[in-house]
Amino acid sequence: MNVLDALTATYNTNAPTPFSKRHTGSGEAETLAMLKDLGVTSPAKLSEEIVPPAIRRDSPMDLPPPLDEMAALRELKALATQNQVWQCHLGQGYTPTVMPPVILRNLLENPGWYTQYTPYQAEIAQGRLEALLNFQTMVTELTGLPFANASLLDEATACGEALGLAFAQARQKRRVALADKDLHPQHLQILATRARALDIDLQVTDVFETGISPEVFAVFIQSPDTRGRIREGVDAVTARARAAGALTVMAVDPLAQCLLKTPGELGADVAVGSTQRFGLPMGFGGPHAGFMAVSDELKRRLPGRIVGVSVDVAGRPAYRLALQTREQHIRREKATSNICTAQVLPGILAAMYAIYHGPDGLRRTATRIADLTAAFQSALVRAGLRVLDAPVFDTVAVALSPEECADLRERAESAKINLRYFADESIGITFDETTQPEHLLKLFDLLGIESPDLSPSDNSAVRKPHLRTGPFLPQNVFHRYHTEHEMLRYLHRLQGRDLSLAHSMIPLGSCTMKLNGTAEMIPVTWPEFGNIHPAAPADQTRGYTHICRDLEHWLSEITELPVCSLQPNAGSQGELAGLLAIREYHLSRGDARRTLCLIPASAHGTNPASAVMAGFQVLAVKCDEQGNVDLPDLAAKAEKHADTLGALMITYPSTHGVFEESVPEICRTVHQFGGQVYMDGANMNAQVGLTSPGRIGADVCHLNLHKTFCIPHGGGGPGMGPICAAEHLRPHMPTDPFARPDLPLAISATAYGSASILVIPWMYIRMMGAAGLTEATRTALLNANYMAKHLELSYPVLYSGRNGRVAHEFILDLRELTRRAGLVIDDVAKRLMDYGFHAPTMSFPVPGTLMIEPTESETKDELDRFCEAMVSIRREIQEVIDGKIPAESSPLHHAPHTAEDIAADTWDRPYGREQAAYPLMWVRERKFWPASGRIDNTYGDRNLVCTCEWNPKV
């Protein structure tokens, strides 16, 4: 044995605790106690009772051996240093930024913010709902349109969503859309992908010169455009479009909008954009909060979440999600969009950036950029260079000969400066809030200008006809928090209103709210990852390339599907990508008729919405009394539609929380009649290491990296939804939107979607290894079955699989109990808040039920507390059933109870204040107070307000 081997052996004798032991909640003693309750000897034995033998993996996953936290961070840091951060002037919708440290530390790096869930339970989500209302207000102010959503995935996909909105508004009777040729290339790629799927004739042209025929339903403009020009004549185009009955969609830069006339003023019906410039790192493409604002008549077609103002039961103002009946989980295949959640955390970061700087600070930043751009542009003109003659905000385009361009490129690369090189040999130079005078000096030197003439010019880069007039962002919130102390306190005040994983388990079925390990999160804010432009040359992004290749290989090994794309930046986009791959596969074989998609009736609403967006027609398949896919119904429909069958979408384990024994037969049946199988990866946390999508027979699946692989939910995003596919689908995977392929299949704005957060699943897999990941899956199954066994004495468990076991989640049936008591499922959900818990998933997939998923990260003590809370609530329901207390007077009906309720001078309820606030002994030491009483959703939708209060005195 050599010296190193000897030292290694000594080290390993007392090696650091494996990360898998930190990630998995229960220790050995707790695990043995739960196993004893279930009558099994080990988690492996339990998993054998649950997972059907026909689909079990027969060998371990081939993944690298696990590293401890510090070793994994060192390895990732070495990869990060392979990325090169150059002086960046690439533009194209992405610029370097400065995130204020108070926001970085107290919001982005704060688990109290990033471990929150989508704010469905509004009473314990008032902080982020207020923050999102700020975001919506900011967008409406900058765009001059009255309604905005609470973020979209990125600017390019916002264009795609606008295409769907406009198509729906035209009742799909018109089929032509015009896109200006000087939109950003990635926008044109996304539009082309969406148009192809919906059989829309997308015409890329100069919309300022092209006529608008009666067949046109939408016109797309960008200003400033991809060459930096503030477009002249936008109002004329919008007028022509309106006269022709078409909608105008305008892509804008929010920082430029601090100086420019708004899309609303110019007559646009829809405005889209990205808030990346508001303090968010480029991150090799994301995550960034896209946005959409619309006119009043379009508000009910607006995709994504909308936050609105309502009142609680005491008449106090409160926030909640508005107009939810228009969303995909309600409207399913009739929805305008498949968007589920989007980019809440990046949206809040952008809103806080605007709040911290205020309108004056934003205007100063925008004016500084515009003034530097004007000085640079004027100096180039005086030096005799051929500069694009147009008003600009932040970008100067210079025409060069091929020889000049090649020479400039070589010298720029030597100076480590990134410029944008257009196909026509011109170059683009974009400035941003980080641009310093010395940066301009380097650029003058590159361009051969030894003594630039910087004498004042009468021509501002932003000319007077384009300037906005009057104030913007007059609301109080944008004027109160400009010092660090005030911003710090505001962030913590909002955080304190929201329940997150920092408080207690969030047992939402099909949502997998597991640990987001700190070591996984640390690299997200490393500058080597944050300060990389998505169009940076490959030799500057070797670290990212290595990480992405690792993840592609690892995810393919986990799914047993050989092809992987990391581009989809949400689960909804993963669904769309997988279905488009199937559709293109059929088209490549001349099977254009295969446009029917079979979907089980129990599927999440995103599935049918995605299928329609991919060009399929949807046909529902029945489920049997056990919640399984009805095999005879599936076989009959597959055979009947054998000539047109394109795909089956299936979730596995099922949305009913069981491993269906018949899944191989289901897949064989679909294949027999010419279809392909798409597996929704929402429940992948029950599969990893035990079975796989490839093994059950799926052709393509998406994975929710924000569920199974530890990217935090962030209150509703960001997420990532990569797809893995069989070899025959390789030619039909998403294409790089920056590469401009002949056949566009781009799904997100950049090749790797929200690339900067891919470091989180990289760290998770690297620290867990194959054995750790498999043990995590087994523990998730153990925790769910332990809870189901304890709760089945109080509530019926609706479905179970082989050996009476559930998978990683289970459904409690409260329908008969609530019927007998005269209560509703919401009463139980709101009462759980008084115990300090977020409710499980309500009324999905079965109305009147609760779906519980504990994940592997919770301890037995935490599982026991939740079970005790549910048993206590069961006793309260029984008191109502027994007539001891009227339903309308019960603590369930009045839940949740706020501190203001408990401290009121009068108390006229038949139960005591202590029962209301501290129903069990342990609640007192970990009490979380709901920020509002029960919120009136109907009032909020009837009196729709989706922006902040404006104080005219400010």
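The following exchange concerns helix packing and nonpolar cores in a predicted model.

Local features in this predicted model need pLDDT of at least 70 and side-chain atom pairs count only at pLDDT 80 or more, while totals for chains, interfaces and linings use all residues. Residues are numbered from 1 along each chain as its sequence is written, and side-chain values use heavy atoms, with hydrogens and water left out.

Colleague: At what angle do helix 19 and helix 25 cross?

Modeller: Helix 19 (residues 542-559) and helix 25 (residues 759-791) are DSSP runs of H or I, at least four residues long, numbered from the N terminus, and their axes come within 10 Å. Axes are lines fitted to C-alpha atoms over the stretch in contact, and angles run from 0 to 180 degrees between N-to-C directions. On that basis the two helices cross at roughly 40°.

Colleague: How do the residues of the contact of helix 19 with helix 25 divide by class?

Modeller: Contact means heavy atoms within 4.5 Å, and here residues including Trp554, Leu555 and Ile558 in helix 19 meet residues including Trp762, Ile765 and Leu773 in helix 25. Ala, Val, Leu, Ile, Met, Phe, Trp, Tyr, Cys and Pro count as nonpolar, Asp, Glu, Lys and Arg as charged, and the others, Gly among them, as polar. The contact divides into ten nonpolar, no polar and two charged.

Colleague: Which residues of helix 10 make the contact with helix 20?

Modeller: Helix 10 (residues 185-198) and helix 20 (residues 571-588) pack at an angle of about 60°, with their axes 12 Å apart. From helix 20, the contact is made by Gln573, Leu576, Leu580, Glu584 and Leu587. From helix 10, it is made by Thr193, Arg194, Arg196 and Ala197.
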